[in-house]
Amino acid sequence: MLVNNPIDEVKKRENSLKIIRDIIKNQGRENLYDLTGLSGGFIANQNDLNLLETYVGPAIFEEELEELGKKHLGGEKILAVNRTSSGILATILTLVKADSYLIHFLPELPSHPSIIKSVDIVKGKYLEFDNIDDFYIANNTSLIVITGSTMDHRVLDEETFKKIIAIAHEHDIPVFVDDASGARLRTVIYNQKKAIDLGADLVITSTDKLMPGPRGGLMAGRANLIDKIKSKAYQFGLEAQPPSIIAIVNGLKAFKKENLLKSLQRKKSLISMLNSYSFFEETPTGIMISKKGLQKEINGCGKIDKQTLSQIYKFISSSDLCFIWAALLLKEEGIITIPAVSMPGASPTIRFDLSSKDAITLDMNTLYKKIDSSFKSLLDTIQDLDKSKRVLYGNQ
Ligand SMILES: *Cc1c(COP(=O)(O)O)cnc(C)c1O
């Protein structure tokens, strides 16, 4: 197989970053389309940056953060952390005692690894459920975590959400919601309430997911709990630093519901053009193609005969197919998707997030043509093993 281990994945990423540099140098940033939905962003003007050099800046930004954060998430108090994972760690360090349970409910497995890993650090016990009929609260439970929207953008329905919160509160156990993407996905696309308004005690969101902020985490909730978590975060260096806080503040100011809502229209129009393909699934704000879906399309499209296909699959796995296609989308069409640039271990699923900043300026007919033409290029490429390697790793 072509991509076999974390070192291969790093090499593939480095090749993609080189292609991105080349495109920026030779054709300009406007010929790159970051459709990952994770493009992050760092909005700050010179004035903001000048303030960073004094002690005054943090005082001002933190006050603004408090105001904007409460507007976005609700709650009595706000805390900005380095990443969502950092906030999850700080919360678990604060609230989960050794030998007690953290119980996690989410719409669909798998869970984000930061929850389980943090429970391990405090020597707690962990239970997870994705079916309300199985859900129960064990004796000696310290914390209930609800994931509002998973990494794959599966969204929890509001009724189940409220049910879990009610059960937790009957047992006097605090509820912490991981709403990394959900704080925007659930509220804007699914018209659900904010986690705090549904009764949660604490919530965290990722400031680079579906909003133009930097990689970071924003927490809100009951003041007494936030105070404790904040003090723990400071002890371990998990809090957000002033430069991030500026960009979180500006990202919150720049966040527009309309951009998310417009992605629904864009999705409808793209899907209607892709009607000859069956390989994609809808996501809340775009489409995605799994490794299984991609392989099925290649097998069923009739462009490569069975014997050639079985030859190809001796050397190329279904994940490799995604990685090669992601590299071609980048190199030939200027489209950045996660499998081209991801860190080791990330999912090979190719997602086109149509709420991304660059999707707004991209005409859907152009995007359709780019997808169509690079899929054809993928069919050619995989029939040539050396070329497939070159596409993935460059000329090395
Ligand atoms: C993205 C995500 C996280 C982690 O965010 P980081 O910024 O990578 O720490 C945690 N939980 C869920 C559900 C996520 O989608």
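Which residue follows helix 3, and is its phi positive or negative? I looked this up in a model that is predicted, and found that helix 3 is followed by Gly 74, whose phi is positive, near 80°.

**Entry on the length of helix 3.** I then went back along the helix, which covers residues 56–73, and checked its span: at 1.5 Å a residue its 18 residues should span 26 Å, and the end C-alpha atoms are indeed 26 Å apart, so the two values agree.

**Entry on the two sides of helix 3.** I listed the buried residues of this helix as Gly 57, Phe 61, Leu 65, Leu 68, Gly 69, His 72 and Leu 73. Seen down the helix axis, these buried residues fall within an arc of 110°, so they line one face of helix 3. On the face turned away from that buried side I noted the exposed residues Ala 59, Glu 63, Glu 67 and Lys 71.

**Entry on the partners of helix 3.** I looked up what the buried residues pack against, and the elements include helix 2 (46–51), strand 2 (77–81), helix 9 (242–254) and also helix 7.

**Entry on Arg 184.** Helix 7 (residues 182–189) holds Arg 184, and among the residues that Arg 184 touches I found His 72, Phe 255 and Leu 260; His 72 is itself one of the buried residues of helix 3. I noted that Arg 184 is buried yet has no salt bridge, since the nearest side chain of opposite charge, that of Asp 208, is 6.9 Å away. The side chain of Arg 184 does, however, reach the backbone oxygen of Lys 209 at 2.8 Å.

Conventions: Residues are numbered from 1 along each chain as its sequence is written. This is a predicted model: local features need pLDDT of at least 70, side-chain atom pairs count only at pLDDT 80 or more; totals for chains, interfaces and linings use all residues. Side-chain values use heavy atoms; hydrogens and water are left out. Helices (H or I, at least four residues) and strands (E, at least two) are DSSP runs, numbered from the N terminus. Buried means under 20% relative accessible area, exposed over 50%, partly exposed in between (1.4 Å probe, protein chains only). Lys and Arg count as positive and Asp and Glu as negative; His and the chain ends are not counted. A salt bridge is a side-chain nitrogen of Lys or Arg within 4 Å of a carboxyl oxygen of Asp or Glu. A polar contact is a pair of N or O atoms within 3.5 Å; within protein, one must be able to donate a hydrogen and the other to accept it, and residues adjacent in sequence count only if both atoms are side-chain atoms. Contact means heavy atoms within 4.5 Å. The expected span of a helix is 1.5 Å times one less than its number of residues. The arc is that of the directions from the helix axis to the C-beta atoms. Lists of a residue's contacts leave out its neighbours within four places in sequence.
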